[in-house]
Amino acid sequence: MKVRWCIGDKLFGAMAVLVLFVTAGYFGATQGYLKNRFEDYFKEKTTERFETHYKEHQHSWEGIEGIRTSYEGERRSPDQREIALLSPDGSLLFHSGAGDPGSLIRTGKRNTVMINGATVGTIYVDRWETAEDDRIKKYILDSMRTSALRVPFVTGFLALLLGLWLTKKITQPLNRLIPAIHQIAAGELPLRIAVTTKDEFGKVTESFNHMAQQLFRAEEVRKNLTADVAHELRTPLSIIHCHMEMIQEGGRDIPPETLLPIQDEVIRLSKLVDDLHQLTLAEAGRLRLDRSPTDLVPLLDRILDMLKPEAEERHIEMIRSYPEQPLHALVDANRMTQVFYNLLVNAMRYTPSGGKISIRVTERSHEKSRYVSVTIEDSGVGIEAERLPFLFDRFYRVEESRSRHTGGMGLGLAIAKEFVEAHQGVISVQSEVHRGTRFTVQLPCPQQSVNPINGEG
């Protein structure tokens with residue numbers, strides 16, 4: 001069933017209930033209100049005649065027996081009401097009609113006659129209106145009742161037209177979403193729907209486009225991951241296979257140098273499997289961390305000492321900028337050693353001979369929280385802006401070449417990002433082509449509320 005009709009049925013049902021509710025309220029209010037107003041008007045009209053008589057006779061009921069209870073214009077329709085007037089002491093002053101005064105006083109309607117705030121009598125009637133007044137009352141109420149029946153018909157018709165327009169207006173964006181949802185369910189992910197409004201439906205469309213883009217990106221990552229893992233495994237397995245065949249064909253003792261290439265590839269495979277395992281644990285939030293207050297300066301110095309021979313060979317200058325007082329971060333020292341090692345190796349890989357790498361450690365605060373900021377900046381080739389969002393993806397390499405010896409396996413930055421976030425920290429990157437790249441790692445200090453912030457500008 002189309003969305004239009006599903007929503008239309010509900011909308012029409014809601015409008016029908018609303019029309020019925022308004023009609024019932026309108027009918028009851030108009031009929032009840034008019035009846036009450038007629039009742040009050042005729043009661044005042046009848047009482048006024050007795051008040052006028054009392055005032056005209058020097059504040060007495062003298063001659064009350066001859067009072068006319070209807071006006072001159074009503075004489076063509078004789079007043080057939082039953083009316084009684086009692087004095088304040090309860091004596092009968094006036095009675096008109098064929099009934100029994102006692103019964104009228106017990107069951108009839110009553111109203112007091114007030115003159116200057118004092119009660120001078122009490123009127124009892126079987127009804128307040130005369131025969132002529134009753135005809136006028138019935139005519140007006142019948143007319144209003146007829147109008148009250150016309151109103152729901154007119155309003156219902158207008159509500160139907162309004163409902164058709166609203167249904168078309170409301171369901172038009174949804175009807176454009178349904179085919180797109182079916183396309184995604186069928187696996188056709190690269191699609192986008194034009195956003196034509198800025199209301200809630202426009203926001204839904206934007207969210208849908210974002211979801212489709214994310215799904216497409218996730219599917220691409222999955223395909224690339226499979227291809228990259230296969231590629232990383234194919235080369236070492238081919239080397240091992242080739243050497244094993246040579247060993248089998250040789251039929252003689254195996255010299256150590258023959259086994260060295262096999263051992264190198266086995267080590268490379270073991271590292272690949274271990275890196276993927278650690279990365280998977282970090283992404284799943286199951287990475288075990290032995291966190292303790294750690295001074296990052298000695299940790300960085302140990303890594304720099306390891307890389308010093310290569311830096312000196314390539315004439316790369318290592319510039320260290322440390323604070324005077326030790327800064328402690330709440331980290332797992334082994335995990336963060338791997339993070340900074342990956343970042344420094346990456347910086348050396350893309351820094352040409354004669355370049356420099358700066359390592360700066362500072363303390364920052366943000367909203368009553370303290371953190372240690374470690375910045376590693378190189379003077380290398382830099383990275384294009386369009387590549388930066390994918391820099392921390394698995395197996396992503398800035399170089400188009402898939403050489404594992406020059407470009408690595410593409411897992412170092414992905415592992416660094418997951419390890420930093422596992423510490424509730426933040427890692428960011430800024431780069432400019434031909435001017436270098438800067439990585440910033442922010443880690444929480446001990447006994448401080450964790451509040452990661454964006455990277456330094």
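**Close-up views of a predicted model**

**View 1. Thr-122 counts as buried, at 11% relative accessibility.** The model shown here and in the other views is predicted. The cut-off for buried is under 20% relative accessible area, so Thr-122 falls within that class. Thr-122 belongs to strand β4. Setting aside neighbours within four places in sequence, Thr-122 contacts Ala-84, Leu-85 and Leu-86. Arg-110, Asn-111 and Thr-112 are also among the contacts of Thr-122. Thr-122 is the bridge partner in β4 of Leu-86.

**View 2. Strand β1 is covered on both faces.** The strand spans residues 83–86. Ile-83 and Leu-85 point to one side, and both are buried. Ala-84 and Leu-86 take the other side and are buried as well. Which residue in β4 stands opposite Leu-85? Ile-123 does. β1 and β4 (residues 118–125) run antiparallel and share 4 bridges.

**View 3. Strands β1 and β2 form a hairpin.** β2 covers residues 92–96 and is antiparallel to β1. The two strands are joined by 4 bridges. In one of these pairings, Ile-83 has Ser-96 of β2 as its bridge partner. Between the strands lie 5 residues. Gly-90 sits in the turn and has a positive phi of about 95°.

**View 4. Four strands build an open sheet.** The order is β2-β1-β4-β3, and the pairing is antiparallel. Why does one side of β2 and of β3 lack a neighbour in the sheet? Both stand at the edges, each with a single partner strand, so one side of each is left free of a sheet neighbour. β3 covers residues 109–115. From one strand to the next, the twist averages 20°.

**View 5. Glu-129 sits in a loop between β4 and α3.** Helix α3 covers residues 131–185. Is Glu-129 buried or exposed? Glu-129 counts as buried because its relative accessibility is 6%. Residues up to four places away in sequence are left out of the contact list. Glu-129 then touches Phe-42, Arg-81, Asp-134 and Lys-137.

**View 6. A nonpolar patch lies on the surface.** Its area is about 610 Å². Phe-153, Val-154 and Phe-157 contribute to the patch, together with Leu-158, Leu-161 and Leu-164. Phe-157 is placed in helix α3. Its relative accessible area is 48%, so Phe-157 is classed as partly exposed.

**View 7. The whole chain gives the setting for the close-ups.** The protein chain has 9 helices and 11 strands. Of its 457 residues, 36% are buried. The chain exposes about 27,200 Å², and carbon and sulfur atoms supply 56% of that area. Consider the contacts between residues at least 6 apart in sequence: 67% of them join residues at least 24 apart.

Key: Residues numbered from 1 in each chain as written. Predicted model: local features only at pLDDT ≥ 70, side-chain atom pairs only at ≥ 80, totals over all residues. Heavy atoms only, no water. Buried < 20%, exposed > 50% of the residue type's maximum accessible area, 1.4 Å probe, protein only. Contact = heavy atoms within 4.5 Å. Areas by Shrake-Rupley, 256 points an atom, 1.4 Å probe, with all protein chains shown as cover. Pairing = 2+ DSSP bridges. Axes fitted to C-alpha atoms, helices over the stretch in contact; angles between N-to-C directions. Patch = residues over 30% accessible without salt bridge, like charges linked within 9 Å, V, L, I, M, F, W, Y side chains within 5 Å. Salt bridge = Lys/Arg side-chain N within 4 Å of Asp/Glu carboxyl O.
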